[in-house]
Amino acid sequence: MLITFLVSFMLALLGCGLAVRHSPPRWRQYPINRPQRFHGTDTPRLGGAVIAAVFFGVGCGGSWLVSSASPAAVAGVYDPLAWWTRLGAVILPALLAGVAEDLTHAVAPRWRLLATSLSGLLAILLLDLRVERIDIASLDPWLALHPVMGIALAWLAVAAMPHAINLIDGYNGLAATFVLMAGAGLAYVALKVQDWHLLTVLVCLLGVTAGFWFWNYPRGLLFAGDGGAYFWGVVLAIVSLTLVLRNPEVSPWFPVVLLAYPIMETVFSVYRKWVRGQSPSVADALHFHQLVYRRLVRGVFHDDRARRLLMRNNRTSPYLWAVALVAIVPAIIFWWNTPVLVTWFMLFMLAYIGAYLAMIRFKVPKWLRR
C-alpha cells in the first residue's frame, strides 16, 4: 500500500508540475466576471485531468501486475483490471465534460449535469451499484420490495456528488483537503472491514490528491477545475456505495455523515435559489465558503492586488476544513452506529443552517474573524 501511495503521489506531483510549467496561455485564462473567481492571476485548471490520468494509470498498471504475478490471489473474487476498466468508463463522461468546461468555459450546466447523470447510469450498469438498506426498520422492508428505489438512490449519489464537490471547490486547498480527509476516513473503515480492494483504490486517490495539493495550497499554482471536482465526486460516491454494499457491518449513514458538508452545501444551495426564483444552475456568490471569505476573513493590506487576493484566499480554507471535520470525525468514530450517525447528521444540518444565517445577518462572533 505504501508503494502504491508513493507512486501515485510522485507521478501526480510530477504531472501537475508539468501542467504548471507548460500549460498554454489560452488554457490559463478564466472569465474575470465570474462570481466564483477569487484569484487575481490566470492559472491552469488542468489538475483534474492530470490526477485522473495518474489514478487510472497506477490502478490499471498495479492491477495488471497483481493479476499476472499471482492470478490465484484474485481468482473467484474479482478481476481487478476489468474492474478498473469499468471504473474508467463510468468516470469518463463526467471527467470529459468537466475538462471541456475547464478549457473552453462554454459547456452549459445542463450538458455537464447530463454527463454526470450518464456516469451514474453507467455505475449502475457496469458496477452493479445500488442501495440495499438504510438501517431504518420502517423503511428497509419497503426498500426491499421496491429495489428500483435503491437503484435510483445509487444513481442520484453518483450523478450529484461531482456537483457537490464542485460547489465547495472555491478556494486554494479547500476541495483537495476535504477529499484527503474524507478519503482517509473511507480508507480507515475499509481497513477495519478488510476490504483490500477498496483500500487500494483509496490509497491511489489519496496519493494523486496529495500530489496535486502540493501545487494548489497555499500558492494556488494549479486548480483542479470542474474536471477534478467531477473526478473526485464520482470516485467518492462509487467507493462509498460499494463499501456499504459489500460490508453489512458498515452503516449506510457513514458516508452520508462523512460527506455531510458538500451534501448540505448542495441541498441548501438548491433550496436558496429555488426560494429566490432562480435556476439551481445559476452561479452566485452566496455559498457558505464565499460568506466565510467575506464575513470572517478580514482584509489583507498589500500593495499587490493579486497577492492580497491570494492571502485572503488561503486564510479562508482552514475555516471550511474545520466545518468538514465536525462531520468527518464523528463519522469515522461511529462508522457502525446508525442511530448516532443519524442524530449527528441532523445536528450538523441545524448547525450549518444556523451558521449560514448568522453570517448573512452579520452576527458572527468577533473571535471568529481573522
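**Entry 1: a buried salt bridge**

I began with Asp226, which forms a salt bridge with Arg45, the closest N and O atoms being 3.7 Å apart. Because Asp226 sits in helix 10 (residues 225-246) and Arg45 in the loop between helix 1 and helix 2, the pair ties together parts that are 181 residues apart in sequence. I then looked up the burial of the two partners, and both Asp226 and Arg45 turn out to be buried. I note here, before going further, that the model I am reading is a predicted one.

**Entry 2: the other salt bridges**

How many salt bridges does the count come to? The count gives seven salt bridges, and I looked at two others by name.

One of them joins the side chains of Asp128 and Arg130, with 3.0 Å from N to O. I find Asp128 partly exposed, at a relative accessible area of 47%, and Arg130 is likewise listed as partly exposed, at 26% relative accessibility.

Another joins the side chains of Asp135 and Arg133, at 3.4 Å from N to O. Here Asp135 is partly exposed, with a relative accessible area of 32%, whereas Arg133 counts as buried because its relative accessibility is 17% and the cut-off for buried is under 20%. Salt bridges that share partners also join Arg45, Asp102, Arg112 and Asp226 into one network, which brings me back to the pair of my opening entry.

**Entry 3: Ser119 in helix 5**

Next I went to Ser119, which is found in helix 5. Is Ser119 buried or exposed? With 0% relative accessibility, Ser119 counts as buried.

Which residues does Ser119 contact, once its neighbours within four places in sequence are left aside? I wrote down Val90, Ile91, Pro93, Ala94 and Val158. Two of these names came up again when I followed the polar atoms: the side chain of Ser119 reaches the backbone oxygen of Val90 at 2.7 Å, and it reaches the backbone nitrogen of Ala94 at 3.2 Å. I also noted the C-alpha atoms of Ser119 and Leu95, which are separated by 9.2 Å although the two residues are 24 residues apart along the chain.

**Entry 4: a nonpolar patch on the surface**

Staying with helix 5, I turned to the surface, where Leu118, Leu121, Leu125, Leu126, Trp155 and Leu156 form a nonpolar patch with about 540 Å² of accessible area together. Helix 5 (109-127) and helix 7 (147-168) each supply at least two residues of this patch, and helix 5 gives the most, with four residues.

I picked out Leu118, whose place is in helix 5, and found this leucine partly exposed, with a relative accessible area of 39%. Leu118 can therefore belong to the patch as far as accessibility goes, since its 39% meets the requirement of over 30% relative accessible area.

**Entry 5: His289 and Ser23**

His289 has its place in helix 13 (residues 288-295), and it is buried, with a relative accessible area of 2%. Its side chain reaches the backbone oxygen of Leu167 at 3.5 Å. Not counting residues up to four places away in sequence, His289 touches Leu167, Ile168, Gly170, Tyr171, Leu174, Tyr261, Thr316 and Leu320.

Where does Ser23 lie? I located Ser23 in the loop between helix 1 (2-22) and helix 2 (47-69), and at 8% relative accessibility this serine counts as buried. A polar atom of the Ser23 side chain lies 2.3 Å from the backbone oxygen of Ala19.

**Entry 6: helix 15 from end to end**

Last, I checked the length of helix 15 (residues 338-360): at 1.5 Å a residue its 23 residues should span 33 Å, and its end C-alpha atoms are 33 Å apart, which agrees.

At the start of helix 15, a side-chain oxygen of Asn337 comes to within 3.3 Å of the backbone nitrogen of Val340. Just after the helix, Phe362 takes a positive phi of about 60°.

Which residues of helix 15 are buried? My list reads Thr338, Leu341, Phe345, Phe348, Tyr352, Tyr356 and Met359. For reading such a list I keep in mind that an α-helix has 3.6 residues a turn, so residues three or four places apart point the same way.

Key:
Residues are numbered from 1 along each chain as its sequence is written. This is a predicted model: local features need pLDDT of at least 70, side-chain atom pairs count only at pLDDT 80 or more; totals for chains, interfaces and linings use all residues. Side-chain values use heavy atoms; hydrogens and water are left out. Patches are made of residues with over 30% relative accessible area and no salt bridge: like charges are joined within 9 Å, nonpolar side chains (Val, Leu, Ile, Met, Phe, Trp, Tyr) within 5 Å. Accessible areas come from the Shrake-Rupley method with a 1.4 Å probe; for residues, only the protein chains shown count as cover. A salt bridge is a side-chain nitrogen of Lys or Arg within 4 Å of a carboxyl oxygen of Asp or Glu. Buried means under 20% relative accessible area, exposed over 50%, partly exposed in between (1.4 Å probe, protein chains only). The expected span of a helix is 1.5 Å times one less than its number of residues. A polar contact is a pair of N or O atoms within 3.5 Å; within protein, one must be able to donate a hydrogen and the other to accept it, and residues adjacent in sequence count only if both atoms are side-chain atoms. Contact means heavy atoms within 4.5 Å.
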